[in-house]
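Welcome! Here is a friendly walk through a structure you may be meeting for the first time. Have a look at it before reading on.

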Amino acid sequence: MTTTTHVTDLYPTRGATEVATPRQDPVVWGSPDTPGPVSATELRALDRDGFLAVDQLIGPDEVAVYQRELDRLVNDPDIRADERSIVEPKSKEIRSVFEVHKISEVFAKLVRDERVVGRARQILGSDVYVHQSRINVKPGFGASGFYWHSDFETWHAEDGLPNMRTISVSIALTENYDTNGGLMIMPGSHKTFLGCAGETPKDNYKKSLQMQDAGTPSDEALTKMASEYGIKLFTGAAGSATWFDCNCMHGSGDNITPFPRSNVFIVFNSVENAAVEPFAAPVRRPEFIGARDFTPVR
């Protein structure tokens, strides 16, 4: 006999209208007194702003190793043909490679690095697994950006994450200037969940990974949020990192400069927040986008 556990939907979305819901979950789940790589001051800032910048998470020698591995992957014909690779609609160049910690042992070691996973465990207050990993490639002269969105809105609606107990880290593998399509976040926006209007099309991920449509906020909502919270643009050298809460409103612009911008992006979810069925989509997304293997990172 099969039983189905009912999980209350705390964050309604993809309905007839846009709905703002106050956050129901903590931002920092671990105790501020628990020893770890994140200081109590940094944890308070993360709770307030929704993000934490680290000037040098990995050193220059390590950056070079990851840059070489990124170049190898995006130039491998087998990787390009893999469904886990997403290509730019216009240039047909690789935009992202998903599940990179399973494709590459080099990136798998980065995921297991205590400087990385240790911070995730401390923030989320539990063991963690990788909900999603990918490398993002933004070569110069026209690589397209990522429109404003909350990751949790998608992960809740389409992957079935019940609660906001998920943290992402973007580790720069190239210099992040203020001109080459860097990450932008609205500080404090993580305290309000914006449920977007419109139903989720079947296999929405095939389109949304190139250009998001379903799950995008209205211009009116974005204008109001930007007026209230402002916009922070992240710059920094290769090896720097930005940790940010799953519900931050964020995006990035096109890169029309000659200077490439590439990063590795890892999403850690608490093992106590394992995905259930999607809350607002007809089917689950593939596992290389939203993992169903909840094995803790060791």
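Leaving aside its neighbours within four places in sequence, which residues is Gln132 in contact with? They are Phe98, Trp155, Phe265, Ile266, Val267, Arg285 and Ile289, where contact means heavy atoms within 4.5 Å.

Before going further, a word on the model. It is a predicted one, in which local features need pLDDT of at least 70 and side-chain atom pairs count only at pLDDT 80 or more, while totals for chains, interfaces and linings use all residues. Residues are numbered from 1 along each chain as its sequence is written, and side-chain values use heavy atoms, with hydrogens and water left out.

Back to Gln132, which sits in strand β5 (residues 128-138). Helices (H or I, at least four residues) and strands (E, at least two) are DSSP runs, numbered from the N terminus. Gln132 counts as buried because its relative accessibility is 4%; buried means under 20% relative accessible area, exposed over 50%, and partly exposed in between (1.4 Å probe, protein chains only). Its side chain makes a polar contact with the side chain of Arg134 at 2.5 Å, and the side chain of Gln132 also reaches the backbone oxygen of Ile289 at 2.9 Å. A polar contact is a pair of N or O atoms within 3.5 Å; within protein, one must be able to donate a hydrogen and the other to accept it, and residues adjacent in sequence count only if both atoms are side-chain atoms.

Next comes helix α7 (residues 151-159). Here 9 of the 9 residues are buried, so α7 is largely enclosed by the rest of the structure. His156 lies in this helix and, at 0% relative accessibility, counts as buried. The side chain of His156 makes a polar contact with the side chain of Asp9 at 2.7 Å. Not counting residues up to four places away in sequence, His156 touches Asp9, Tyr11, Leu161, Pro162, Pro278 and Phe279. Just after α7, Gly160 takes a positive phi of about 85°.

Two residues other than glycine have a positive phi too, as the table shows.

| Residue | Phi | Place | Relative accessibility |
|---|---|---|---|
| Glu99 | near 55° | loop between β4 (94-98) and α4 (100-103) | 12%, buried |
| Phe141 | near 65° | loop between β5 and β6 (146-150) | 66%, exposed |

Now for a pair of helices. The axes of α5 (residues 105-112) and α6 (residues 114-124) come within 5 Å and cross at roughly 45°. Leu110, Val111 and Arg112 in α5 meet Glu114, Val116 and Val117 in α6. The residues of this contact divide into 4 nonpolar, no polar and 2 charged.

Leu110 and Val116 appear again in the largest nonpolar core, which has 40 residues; they are among those with the most contacts inside it, along with Ile135, Ile171, Trp243, Ile266 and Phe268. A second, separate core of 18 residues includes Tyr11, Ile185, Cys248 and Ala291. Such a core is a set of buried Ala, Val, Leu, Ile, Met, Phe, Trp, Tyr and Cys residues joined through side-chain atoms within 4.5 Å.

One last stop is Gly59, in the loop between β2 (51-54) and α2 (60-74). The C-alpha atoms of Gly59 and Gly239 are separated by 6.0 Å, although the two residues are 180 residues apart along the chain.

Terms used:
Axes fitted to C-alpha atoms, helices over the stretch in contact; angles between N-to-C directions. Nonpolar A, V, L, I, M, F, W, Y, C, P; charged D, E, K, R; others polar.
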